[in-house]
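Biologist: I would like to go through this model with you, one question at a time. Keep the answers brisk, and end each on what I asked for.

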Amino acid sequence: MSYALFIDDERFPVEDGRDWEIARTLEEVAEVLARRGSPSFISFDHDLGDGITTAYDIAKALVDADIDGTPVQGISFSFTEGFEFYVHSQNPVGAKNIQTYLENYLRISGKTKGGTR
């Protein structure tokens with residue numbers, strides 16, 4: 001069953017009918033991936049509070065896993081066909097970095113329905 005992943009250190013997703021999983025850290029992202037597999041939708045915050053790992057780092061790890069099978073904290077990952085994402089971060093530079101990075105990769109790989117939502 002398809003689910004949505006919400007990556008944010010303090011906020012919660014809107015109740016929009018999606019089956020949301022919340023992850024606050026890279027380790028929690030890996031735990032959700034191990035339990036549920038790859039999501040069909042991810043909503044990203046950029047700054048995750050610990051000052052070390054950002055959601056941009058997580059986005060890069062997900063792309064690396066999809067490209068060459070590099071595990072995300074020991075967990076395999078690949079983008080599902082038609083994967084979609086949204087960046088809800090209030091950090092404009094961080095948000096743009098995630099947006100551009102993922103849009104470029106998904107467009108080149110052909111694994112998106114045509115952009116973000």
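Biologist: What covers the buried residues of H1?

Modeller: This is a predicted model, so read each value as computed. The buried residues of H1 are Leu26, Val29, Ala30, Val32 and Leu33. Their cover includes strand E1 (4-7), E2 and helix H2 (55-68).

Biologist: Within what arc do the buried residues of H1 fall, seen down its axis?

Modeller: Take the buried set again: Leu26, Val29, Ala30, Val32 and Leu33. They line one face of the helix, because seen down the axis of H1 they fall within an arc of 160 degrees. An α-helix has 3.6 residues a turn, so residues three or four places apart point the same way. The arc asked for is 160 degrees.

Biologist: Which residue follows H1, and what is its phi?

Modeller: The residue after H1 is a glycine with a positive phi. The answer is glycine 37, with phi near 85 degrees.

Biologist: Which residue has a positive phi although it is not a glycine?

Modeller: Look in the loop between H2 and E4. The residue there is partly exposed, at 47% relative accessibility. Its phi is about 50 degrees, and the residue is glutamine 73.

Biologist: How many residues apart in sequence are the parts that glutamate 21 and arginine 35 tie together?

Modeller: The side chains of glutamate 21 and arginine 35 meet in a salt bridge, 2.9 Å from N to O. Glutamate 21 lies in strand E2 (residues 20-23) and arginine 35 in helix H1 (residues 26-36), so the pair ties together parts whose separation in sequence is 14 residues.

Biologist: Is glutamate 21 buried or exposed?

Modeller: Buried means under 20% relative accessible area. Glutamate 21 has 14%. Its partner arginine 35 is partly exposed, at 45%. So the call for glutamate 21, at 14%, is buried.

Biologist: With which residue in helix H1 does arginine 35 form a salt bridge?

Modeller: The closest N and O atoms of this pair are 2.8 Å apart. The two residues are four apart in helix H1, which means about one helical turn between them. The partner is partly exposed, at 40% relative accessibility. It is glutamate 31.

Biologist: Which residues are linked in a network of salt bridges?

Modeller: Arginine 35 has salt bridges with glutamate 21 and with glutamate 31. Those residues belong to a network. Its members are Asp19, Glu21, Glu31, Arg35 and Arg36.

Biologist: How many salt bridges does the count come to?

Modeller: One of them joins the side chains of arginine 18 and aspartate 16, at 2.8 Å from N to O. Arginine 18 is partly exposed at 26%, and aspartate 16 is partly exposed at 36%. The cut-off for a salt bridge is 4 Å. The count comes to eight.

Biologist: Is serine 89 buried or exposed?

Modeller: Serine 89 sits in the loop between strand E4 (84-87) and helix H3 (92-109). Leaving aside neighbours within four places in sequence, its contacts are Arg11, Phe44, Asp45, His46 and Ala95. Its relative accessibility is 13%, so serine 89 counts as buried.

Biologist: Which backbone nitrogen does the side chain of serine 89 reach?

Modeller: A polar contact of 3.4 Å joins the side chains of serine 89 and aspartate 45. The serine 89 side chain also reaches a backbone nitrogen at 3.3 Å. That nitrogen belongs to histidine 46.

How values were computed: Residues are numbered from 1 along each chain as its sequence is written. This is a predicted model: local features need pLDDT of at least 70, side-chain atom pairs count only at pLDDT 80 or more; totals for chains, interfaces and linings use all residues. Side-chain values use heavy atoms; hydrogens and water are left out. Buried means under 20% relative accessible area, exposed over 50%, partly exposed in between (1.4 Å probe, protein chains only). A polar contact is a pair of N or O atoms within 3.5 Å; within protein, one must be able to donate a hydrogen and the other to accept it, and residues adjacent in sequence count only if both atoms are side-chain atoms. Contact means heavy atoms within 4.5 Å. The arc is that of the directions from the helix axis to the C-beta atoms.
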